[in-house]
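Hi,

Here is the structure I said I would pass on. Have a look at it first, and then read my notes underneath.

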Amino acid sequence: MNYKINELFETIQGEGSFTGQPSIFIRLQGCPVGCSWCDTKHTWDIELTDQVSPEIMLAKKAETAQWANFSAEDILALVKEKHFNAKHIVITGGEPCMVDLTPLCETFENLGYSTQIETSGTFEILTTAKCWVTVSPKIKMRGGYDILASAMSRANEIKHPVATEQNVDDLKALLAMHQVENTPVYLQPISQKKRATELAIATCIANNWRLSVQVHKYIGIE
Ligand SMILES: C[S@@+](CC[C@H](N)C(=O)[O-])C[C@H]1O[C@@H](n2cnc3c(N)ncnc32)[C@H](O)[C@@H]1O
Ligand SMILES: Nc1nc2[nH]cc(C(=O)O)c2c(=O)[nH]1
Ligand code: SF4
Ligand SMILES: [Mg+2]
């Protein structure tokens, strides 16, 4: 099975429970959800004219829609070739759950790596039992997709981007509809905006939720 990869890099996880963890990021191409404030819009469209060789994809100096096909074994070979040291794999996108992530996670877990998925929860989550699933629920976005009950129940953490009181109310309504009392909830201010950050801080304190501030953007790493 091949995965359409937009970016593959080693960095520090900047969001959620694993913040601070050295990680290998695998960013898949394609997302139809359409969040207006999405920080990875270059991953939305899958155009065959944007398919490039693995070498060209890996040499990109800017965010582009170019992607390359990799099997799980190809990714593993690259991780070895680049001497990546991190033992935590983060699969993101785009929306990674449009494809079955089980073979990819299995390949790395069999070698002692931990795995994590960043997903909007709008597609069925196909992965291993051990994989840590971060659901960032997408409510009423342009693409018309809805959060799945199966995604809410599979979530190891819920990480909700917020900028307005409406975002908070939408999250509360969603949490009330699902049995997620034991799942940690993070609020992530949208695009480092001051008002969004203030709202997230106050709302976290009021609800005993956690704050996730996209650390990588503050320290200027990938
Ligand atoms: C780019 S998305 C890719 C994975 C998946 N499509 C999802 O939405 O979870 C990765 C994470 O970044 C968050 N995110 C995207 N744009 C953001 C922004 N402008 N500010 C804060 N968080 C953002 C998403 O909610 C998600 O938690
Ligand atoms: N450092 C770093 N941490 C991240 N956590 C989630 C990310 C994402 O784009 O999914 C991300 C990212 O792009 N970079
Ligand atoms: S679901 Fe994720 S990748 Fe897709 S538009 Fe929303 S934030 Fe961006
Ligand atoms: Mg990001």
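Below is what I found in it, starting with the annotated sites and ending with one of the strands.

Bear in mind that this is a predicted model.

**Annotated sites**

UniProt, in an unreviewed entry, has two sets of residues under "binding site". One takes in Cys-31, Cys-35 and Cys-38. The other covers Trp-37, Cys-38, Asp-39, Gly-94, Ser-136, Pro-137 and Lys-138.

From the cysteine set, I looked at Cys-31 and Cys-35. Cys-31 sits in the loop that links strand 2 (22–28) to helix 1 (54–58), and Cys-35 is also in the loop between strand 2 and helix 1. Which of the two classes, buried or partly exposed, does Cys-35 fall in? It has 19 other C-beta atoms within 10 Å, and the cut-off for buried is 20 or more, so Cys-35 counts as partly exposed. Cys-31 has 26 such atoms within 10 Å and is therefore buried. Leaving out residues up to four places away in sequence, Cys-31 contacts Thr-43, Trp-44, Gly-93, Gly-94 and Glu-95. On the same terms, Cys-35 touches Lys-138 and Met-141.

From the other set, Gly-94 lies in the loop between strand 4 (88–92) and helix 3 (102–109). Gly-94 is buried, because 29 other C-beta atoms lie within 10 Å. Its contacts beyond four places in sequence include Asn-6, Arg-27, Cys-31 and Thr-40. Pro-137 belongs to the loop between strand 6 (132–135) and helix 4 (149–154). Pro-137 is buried too, with 23 C-beta neighbours inside 10 Å. Setting aside residues up to four places away, Pro-137 touches Gly-121, Ile-147, Ile-158, His-160 and Leu-174.

**Around the ligands**

Several of those annotated residues turn up again around ligand 3. The residues there are Cys-31, Val-33, Gly-34, Cys-35, Cys-38, Thr-40, Gly-93, Gly-94, Glu-95, Ser-120 and Lys-138. By class, that shell splits into four nonpolar, five polar and two charged residues.

Ligand 1 has 18 residues around it, and the closest are Asp-39, Thr-40, Glu-118, Ser-120 and Ser-136. Five of the shell residues are nonpolar, nine polar and four charged. Strand 5 (114–119) and strand 7 (157–162) each contribute at least two residues to the shell.

**Strand 7**

That brings me to strand 7. How many of its six residues are buried? Six of the six are, so strand 7 is largely enclosed by the rest of the structure. In a regular strand, side chains alternate between the two faces of the sheet. Here Glu-157, Lys-159 and Pro-161 are on one side, with Ile-158, His-160 and Val-162 on the other, and both faces are covered.

What about its partners? Strand 6 runs parallel to strand 7, joined by two bridges, and Val-135 stands opposite Ile-158. Between these two strands the chain passes through helix 4, in a right-handed β-α-β crossover. Strand 8 (residues 185–189) also pairs with strand 7 in the parallel sense, over five bridges. There, Leu-187 is the bridge partner of His-160. Strand 7, helix 5 (residues 165–177) and strand 8 form a right-handed β-α-β unit as well.

Note that Ile-158 and His-160, both in strand 7, are also among the contacts of Pro-137.

Cheers

Definitions and conventions:
Residues are numbered from 1 along each chain as its sequence is written. Chains are lettered from A and ligands numbered from 1 in the order in which they are written. This is a predicted model: local features need pLDDT of at least 70, side-chain atom pairs count only at pLDDT 80 or more; totals for chains, interfaces and linings use all residues. UniProt positions are given in the numbering used here, feature names are shortened, and annotations may be inferred rather than shown by experiment. Helices (H or I, at least four residues) and strands (E, at least two) are DSSP runs, numbered from the N terminus. A residue is buried if 20 or more other C-beta atoms lie within 10 Å of its own, exposed if 12 or fewer, and partly exposed in between; C-beta atoms are placed from the backbone. Two residues are in contact if their C-beta atoms, placed from the backbone, lie within 7 Å. A residue is near a molecule or strand if its C-beta atom, placed from the backbone, lies within 6 Å of it. Ala, Val, Leu, Ile, Met, Phe, Trp, Tyr, Cys and Pro count as nonpolar, Asp, Glu, Lys and Arg as charged, and the others, Gly among them, as polar. Two strands pair if DSSP finds at least two bridges between them. A crossover is right-handed if, with the strands pointing away from the viewer, the path from the first strand over the helix to the second runs clockwise.
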